[in-house]
Structure formats: structure tokens, C-alpha cells
Amino acid sequence: MKLEWLNDYNLLAFEEIDSTNSEALRIASFGAIDDLVVTAKTQTGGKGSKGRAWISMVGNLHASILLASDIDIKKHSQLCFLAANALQNTLCLIAKAQNIELDIKLKWPNDVFIGKKKLAGILVESISFNKRNYVVIGIGVNILCSPTDTIVHATSLLAEGIVIASTEHFLHLFMTSFNKLYKQWTQERNFIKTRQEWMKHALYLNEIVTIEDGNMRVSGIFKDIDLEGAIRLQRAQGEALYNFRTGSLLLKE
Ligand code: BTN
């Protein structure tokens, strides 16, 4: 397999670390100039979104991409959708090669689902140093196993009948897709294609959903995401559209 993406990124692979995202942020805070991928077989302090822990089991993928090229901080959230698209492409490719049908869905804002179960999560974090904005895109993929005591049901590729040669193999496929999409995104300087692609696979699109954001709960029909990745809900009363930049998406019971 050609590992062309390694022409564009350094690779730092750990057996164990607190969190690949934290390591990438530490490296950024020393003034990194090159893009970098940090991986670890296991993490002792894996971070999930909303301050939750990410249970990191050996055999699963834990990777963080550090982009050092001073991207406008307002655009960092777009990279979460771009990474989700790259995961979608990777899973689609693998499933096709193994003749297995996978119902791959992207759940706003940062999850990848197979059917109604979570397979992967993305955590985007930002840091500035010497007037340069750095962004870290952390990816956790359940390849061999998934935690059982989570609020949202989780699954793994193995549980879905997919066998992956190694986490490195999955990373190579993912980074090949990510790098291609990232180059397109940098050239086009807009979110149009990324958003369009993400919307094709959006979980609960046109269904009634509830967004929980702190103490606030709003239900409405999931219609769209805007050009900054905020979710747009159409409310039953009138035509009001609500935009949310953060929060959890739940299917309305
Ligand atoms: C979520 O769905 O809550 C986001 C999970 C992100 C987990 C990955 S694993 C690699 C990277 N390092 C971390 O500490 N978190 C991300």
C-alpha cells in the first residue's frame, strides 16, 4: 500500500500515553511547524466530548492529527465534519472489500454510527501559540471492542463482522482519505462540499430530534446544518429555525 500521506505528516506512535490529543496540544504549545499524527495503542486519560472520558482499549484506533498551518479558528469545527467524511469513506471502502453491508451514519456533531450504535467519535481541540492557531483532530474508532457501560450503545467493527488487519492499516486508509479531503478543503476555502457530503449520511435527518445543551432542551425537525456546522431545527410552531453550535442530539421519544 502506498503511504503517500506520510509525505505530508510526521508520525509519532506511542504504546501508551495519557491522551493523543493532549500530546498533540503539548507539541503545538512548543511551536510545532509541521503537521503531525500522534497514535497510541492505549490511553490512560482518553478524552471524549463534553468532558467525558474515552475508554481506550488495545486493538482500537486512538489517533490525533495536529494541523500546524494556522487555520482561522472559526473554521476549526468544519474539520470535525471533514474527519467524519473521511471515516465514512474509509468504512465504506473496507465494507465493500469484505462484501459486508454497513449502515454507516454520521451523527451531529462528532460521531460515527453503524445503525443506531456508536462506532467512532471525533474530538476537535484548538490552541494558539506565537499568534499561530493550531487544531487537533482526535479520532477514536472501536475496531476490536467497544465499551458496554456507555449511555449510547456502542459497537465495534469486529462486532459488525469486519476484520481489520491492524490499527495501522485502518489509520493508513483513513489518513489517505483525510489528506485528500483536507487538500480539497484548503484549496476551495469553503465548507460547501464537506457539508454536502456529510449531509448525505446524516443520522436522523428530517426526523424529530431533541437537542440538549446545558439546561436547554429543544425539539424540532432536523433540517440542515449551516455553513459553520451548527444544526438547524425546524420547530412545529411557525417557521422558526433554531441553530445550535453545541449540544447533544437525541431522537425524540
Ligand atoms: C467523543 O465521541 O466523545 C469523542 C471521542 C474522541 C476520542 C479520541 S481517541 C484519540 C483522541 N485522544 C483523545 O483523548 N480523544 C481522542
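**View 1. Ser19, Lys47 and Lys118 make polar approaches to oxygen atoms of the ligand in this predicted model.** A polar atom in the Ser19 side chain sits 2.8 Å from a ligand oxygen atom. With Lys47, look to the backbone: one of its polar atoms is 2.7 Å from an oxygen atom of the ligand. Lys118 uses its side chain, where an N or O atom lies 2.5 Å from a ligand oxygen atom. On its own the ligand has 420 Å² of accessible area, and the protein covers 98% of that.

**View 2. A shell of 20 residues surrounds the ligand.** Ser19, Gln43, Lys47, Ser49 and Lys118 are the closest of them. Sorted by class, the shell holds 12 polar, five nonpolar and three charged residues. Two or more shell residues come from each of helix H1 (20–28) and strands S3 (61–67), S6 (117–129) and S7 (132–141). Strand S6 gives the most, with four residues.

**View 3. The ligand takes up space in the largest pocket.** This pocket holds about 1,000 Å³ of space. Its lining counts 48 residues, and those closest to the pocket centre are Arg52, Asp111, Lys118, Ile151 and Val152. Elements that give two or more residues to the lining are H1, S3, S5 (111–114), S6, S7, S8 (208–213), S9 (216–225) and S12 (248–251). By class, the lining has 18 nonpolar, 18 polar and 12 charged residues.

Notes
Residues numbered from 1 in each chain as written. Predicted model: local features only at pLDDT ≥ 70, side-chain atom pairs only at ≥ 80, totals over all residues. Heavy atoms only, no water. Near = heavy atom within 4 Å. Polar contact = N/O pair within 3.5 Å; in protein donor to acceptor, adjacent residues only side chain to side chain. Areas by Shrake-Rupley, 256 points an atom, 1.4 Å probe, with all protein chains shown as cover. 1 Å grid on protein atoms, 1.4 Å probe; cavity = no way out; pocket = protein on both sides within 12 Å on 5 of 7 lines; lining within 4 Å. Sits in = over half its atoms within 2 Å of the grid points. Nonpolar A, V, L, I, M, F, W, Y, C, P; charged D, E, K, R; others polar. Points joined across faces, edges and corners; volume = space filled by probe spheres on them.
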